[in-house]
Amino acid sequence: MTTHAPFAPTDAPTDASAKAPAPDSQLDVAGQLLALLRDTTTEPRPDNQLEALTLAVAADLPVLLWGEPGIGKTAALTQLAASLDLPLTTVIASVHEPSDFSGLPVVGDDPAAQGVPMAPPDWAVRLVRAGRGLLFLDELSTAPPAVQAALLRLVLERRIGALQLPPDVRIVAAANPRSSAADGWELSPPLANRFVHLQWTHDHEVVVRGLGGTWPVATLPRLDRERLAEAVGFARRAVCGLLSARAGLVHRLPSNETRRGGAWPSPRSWEMSLRLIAFATAAGSSRDVLSLLVRGTVGDGPGLELLASLDRMDLPDPETVLADPAGAALPERGDLRQAVLDGVVRAVRERPEKSRWDAAWAVLVRAMETGAPDLVVVPATTLASLRREEWDVPASIDRLAGAVSLSRRADRAAARTASVAKAGR
Amino acid sequence: MTAHTVTDSAVDAPGALDLDKLFAARLHAVRVRPFMATALFALHVVESRRVPTMAVDRHWRCYVSPAFVARTPVKELAGVWVHEVSHLLRDHHGRSDRFARARGLTGPAERLRMNIAADCEINDDVFGEGLARPRDAVGPGVLGLPAGELMEEYLLRFRLGPHTQSLAWLDCGSGADGLAREWDLGPDGAHGLSAQERDAVRFRVAQGINARPGSAPKGWQRWADEAFHPTQPWRELLGAAVRSAASGSGVGEDYTYGRPSRRSAGLPGVVLPSLRRRPPRVAVIIDTSGSVSDSELGSALNEVTAISRAVGGRRDLISVLPCDASAEIVHPLCRAAGIPLMGGGGTDLRTGFARALRKGPRPDVIVVLTDGQTPWPDSRPPCRTVVGLFDRESSSRSRAEDDPDYVPDAPPEWARVVSIGPSSGAR
C-alpha cells in the first residue's frame with residue numbers, strides 16, 4: 001500500500017489487514033506542514049508603539065491607530081487583549097450598516113404608545129453581559145459616512161442603541177491613512193481632537209525576524225501603585241507649567257490642509273495629555289513612549305514643547321546647585337549642562353549677593369573640571385560682568401584659565417576667518 | 001575632561017587628541033552660529049583612529065580622528081563641526097534610508113553617493129558669515145550642479161565616475177548616509193541620544209531659528225519651517241480635499257431610509273436602511289489667464305479627474321470649464337480624457353462659478369484651478385469648493401508693477417485651498 005502514488009485511486013479491496021498502516025490523507029499532511037509553519041518562538045523586545053497603545057487603553061481614552069493595511073494592527077490588538085486579560089471583539093466597520101451601531105429600529109404593536117426600541121446587535125449584548133472586553137473597530141476609514149457617524153457615537157459616548165457599554169470595556173479604532181485608501185475619509189477637527197492618534201508603522205527588522213520564526217513579545221507596562229500620587233502631581237506640574245508660560249498653546253485650530261484630521265491642542269486634548277503623562281509616569285515608561293502619546297494627543301509642535309519643558313524640569317534647580325556647588329550633579333550631556341550653567345548665572349543676576357556669586361564660580365570650576373571647557377566660557381563671561389566693586393575675585397578663578405585661553409583661541413580663529421573673508425573680497 | 005570622551009581602545013595613541021583645539025573650534029562655531037549651540041553642545045565626542053576625519057552616527061556621537069585635529073586649523077575645524085551637526089539636524093541618515101528603500105538601492109557605493117549629495121545640500125549655504133569653508137568641502141559646483149537643492153534632488157542628478165573619484169575618501173559616518181560603520185558604538189553604546197532626545201534637540205534649534213528670523217541663513221529658515229511640519233506633496237493634498245468633498249454626506253455611497261433594504265424581507269419588524277449610490281458630479285473651473293504652465297495645469301487636471309473617478313464618478317459627470325479665451329491647452333486634454341467640455345470665454349472666475357452652478361443638475365463639488373489673481377464670489381456656493389492655487393510669486397510681482405495698488409483677494413474662507421507648487425517637498 002505504501003507504494004501507492006498519493007493521488008492514485010485505491011481500487012484494492014478494503015480488507016482489515018490492508019487498512020492498518022493507513023496512509024495520511026493529503027489534508028493531514030497539509031495540517032502537519034501548517035503546524036510546522038506555526039511553530040514559531042518569541043523573544044522579548046521593547047516596543048514603544050505597543051507600550052503607548054497599552055497606556056492609552058489603560059487610561060480609557062479613545063485611540064485611533066493610523067496605519068497601512070496589513071502591518072499587524074490586529075495582531076498587536078490580540079497581544080494587548082491577551083496581556084490585559086480582556087476578551088477581544090473585532091468589528092469590521094466597513095461591512096456593517098449604520099443601524100448595527102446606532103440600534104435597529106424594531107416596530108412594535110403600538111409605536112405611538114410604546115415608542116420604537118433601538119435593538120442592539122448580538123455582539124454588543126454579549127459584550128455588555130460579559131461586563132468587560134476590548135472592542136476593536138477595524139477599517140473605520142473605509143466605511144461609508146453614515147456608518148462612521150454611528151461609530152463615532154459608539155466610540156465617544158459608548159452607546160449602542162439603547163445599550164450603554166460598561167466602563168470596563170475599552171475601545172480602539174483603526175484607520176488607513178488618507179493617502180493609502182482611494183475612498184479615504186478624514187476626521188473633522190472636532191472629532192480628531194477626541195482621539196489619541198497613534199501612527200502604526202512596521203519595523204523592518206521585526207517583520208524579517210518574525211517571518212524567520214521569531215516574533216517579538218513586548219513586556220507591557222505595569223502601573224506602580226506607590227507612584228500614583230506622585231505621577232498625578234508631576235503631570236499637573238508639567239502641563240500647567242508649560243501652559244501658564246505659553247498661553248497661545250492652549251487652543252490652536254489646525255489652519256492648513258496638511259494638519260487637518262490630526263492631533264491639535266485644545267483644553268480637551270491637554271486634559272487627555274495630562275492623563276497620559278500621569279499614566280506614563282506611574283508605569284515608569286520612557287520619554288520615547290511619552291513622546292508618542294503626547295504628540296498623538298496635542299500634535300507635534302505643542303507636544304515637542306511639552307517634552308522640552310519636561311527635560312528642563314529634570315534639570316537640577318539653580319538654587320539647589322548654588323546651595324551646594326561641590327555636591328551638585330551636573331548633567332553629562334553638553335546642551336543640558338549648558339542650560340544648567342546658564343540657569344545658575346541667571347539666578348545670580350536676579351539676586352546678586354557676594355556668597356551666591358562665589359558659589360557660582362565654584363560651580364563653573366566644577367563644570368570646567370568634569371566636562372568640556374567650551375561650555376564654561378559664556379557663563380563665565382556673564383558672571384564676571386556681574387561683579388560689584390567691593391567683591392574680591394575668588395582664588396578658584398585661576399582654575400578657569402583653561403577656558404580663558406580656549407576663548408582667546410576661538411577669538412583668534414574668528415579674526416583670521418574675518419581677515420581671510422575681507423582679503424577674498 | 002576624561003569624563004567627556006571615550007577613547008577608542010583598539011589602537012594605542014601615538015599622539016593624543018587635542019581636545020582644547022577641538023573645543024576652541026566648537027566655541028568659535030557656537031559664536032558665529034548661536035542658533036546651533038544646543039545641537040553642537042549635545043554632540044558627544046568620541047576619539048577614534050579609524051575615522052578618516054570627523055564623522056557622526058545617528059545617536060549624535062561625533063567620532064574624531066586625532067591626526068585630523070592636529071593638522072586642521074581651528075577656523076576650519078569650526079566649519080567641520082557645523083557641517084557634521086547639520087547632517088544630524090537635517091536627518092540625512094533617515095532620509096538616506098527612506099530614499100534607499102524607495103528606490104531599492106544597496107551597497108556602499110550608493111551610500112557614498114548619498115553622503116556626497118547630503119554634503120552638497122549642506123555646504124551650499126552653511127559657510128561664510130564668519131565660518132571658514134574647510135578645504136575639502138564638496139559643493140554642488142564640483143559636480144556641475146546648481147546650488148540650493150535638497151539631497152534627494154541631487155541624488156537623482158549625478159552618478160559616481162571619474163569626476164567623483166577625488167571624493168571617494170569622503171566619510172561623514174552613519175549619521176550622514178545611514179550605513180553603519182565599524183567604529184560606530186551602536187544604539188546600546190554609551191552617551192547616545194534616544195529618538196525623543198534627538199527630536200527635542202532638533203526642535204530647540206528650530207525654535208531658536210524661528211524666534212529670531214533673519215539671524216539664520218535662508219536654507220536654515222526653510223529647514224526650521226519644515227522640520228516638524230513637513231510639506232506634503234500637493235497631489236496628496238489636492239486628492240484628499242477632492243475626495244473628502246466628493247464623499248461627504250449626501251454625495252457618493254451612503255444609507256437611506258427612503259427605500260427598503262434588501263435585508264428587510266428576512267427581518268420582519270426591523271426597519272433597515274438601504275445602501276444607495278449617488279456618484280458625485282464634479283465641475284472643474286480652470287483659470288487659464290495666468291502664467292500657469294501647460295504641464296502643471298495638465299497634471300492638476302488629470303489628478304482631479306483620476307480622483308473623482310476613484311470616488312465613483314463617471315466620465316460624463318465630470319465637466320471642465322476653461323475660464324479664458326485661450327483654452328487651447330484644456331481642449332486636447334479633455335478630448336484625450338473624454339471629459340465633456342463647456343465653452344470658454346470670460347476672465348472673471350465669478351462667471352465661471354455662475355456658469356457651473358447654472359448647469360443642471362448642479363455639481364456636488366467645484367474644483368477651481370487658478371493662480372488666484374481674480375475676484376471671488378461674495379457668497380458661498382451651494383456645493384463644496386476646492387481651490388487648487390498655483391504658486392506664482394513672479395506673476396504677482398509683475399502685476400504689482402503694473403498697478404501698485406492692486407492686491408489680489410485671498411481665496412475665500414469657505415473654500416478648501418491647496419497650494420500647487422512647482423515641485424513637491426521632499427522632506
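Contact, in these exercises, means heavy atoms within 4.5 Å. The structure is a predicted model, in which local features need pLDDT of at least 70 and side-chain atom pairs count only at pLDDT 80 or more, while totals for chains, interfaces and linings use all residues. Residues are numbered from 1 along each chain as its sequence is written, chains are lettered from A and ligands numbered from 1 in the order in which they are written, and side-chain values use heavy atoms, with hydrogens and water left out.

**Exercise 1. Describe chain B as a whole, beginning with its contacts.**

Step one: among the contacts in chain B with a separation of 6 or more, 68% are between residues 24 or more positions apart.
Step two: chain B has 15 helices and 11 strands, where helices (H or I, at least four residues) and strands (E, at least two) are DSSP runs numbered from the N terminus.
Step three: chain B has 427 residues, and 56% of them count as buried; buried means under 20% relative accessible area, exposed over 50%, and partly exposed in between (1.4 Å probe, protein chains only).

**Exercise 2. Find out how many disulfides the structure holds, and examine Cys62(B) and Cys120(B).**

Step one: a disulfide is a pair of cysteine sulfur atoms within 2.5 Å, and over all chains the structure holds zero of them.
Step two: Cys62(B) is in no disulfide, since the nearest cysteine sulfur, that of Cys172(B), is 10.0 Å away.
Step three: for Cys120(B) the closest cysteine sulfur is likewise in Cys172(B), at 11 Å, which is too far for a bond.
Step four: Cys62(B) is buried, at 0% relative accessibility, and Cys120(B) is buried at 0% as well.

**Exercise 3. Describe the interface of chain A and chain B.**

Step one: 60 residues of chain A are in contact with 60 residues of chain B.
Step two: the area buried between the two chains is about 5100 Å², and carbon and sulfur atoms give 57% of this area; buried area is the accessible area (1.4 Å probe) that two parts lose on being put together, summed over both.
Step three: the rule finds five salt bridges across the interface of chain A and chain B, a salt bridge being a side-chain nitrogen of Lys or Arg within 4 Å of a carboxyl oxygen of Asp or Glu.
Step four: Glu197(B) and Arg333(A) meet through their side chains in a salt bridge, with 3.4 Å from N to O.

**Exercise 4. Place Leu151(A) in chain A, and decide whether it is buried or exposed.**

Step one: Leu151(A) belongs to helix α8, which covers residues 145–157 of chain A.
Step two: its relative accessibility is 0%, and therefore Leu151(A) counts as buried.
Step three: when neighbours within four places in sequence are left aside, Leu151(A) is in contact with Ala93(A), Phe101(A), Leu137(A) and Leu140(A).

**Exercise 5. Compare the surroundings of Asp85(A) and Arg158(A), two residues with a positive phi.**

Step one: most residues other than glycine have a negative phi.
Step two: Asp85(A), which is not a glycine, has a positive phi near 60°, and it lies in the loop between α4 (73–84) and β3 (88–92) of chain A.
Step three: Arg158(A), also not a glycine, has a positive phi of about 60°, and it is found in the loop between α8 and β7 (159–160) of chain A.
Step four: Asp85(A) is exposed, with a relative accessible area of 56%, whereas Arg158(A) is buried, with a relative accessible area of 15%.
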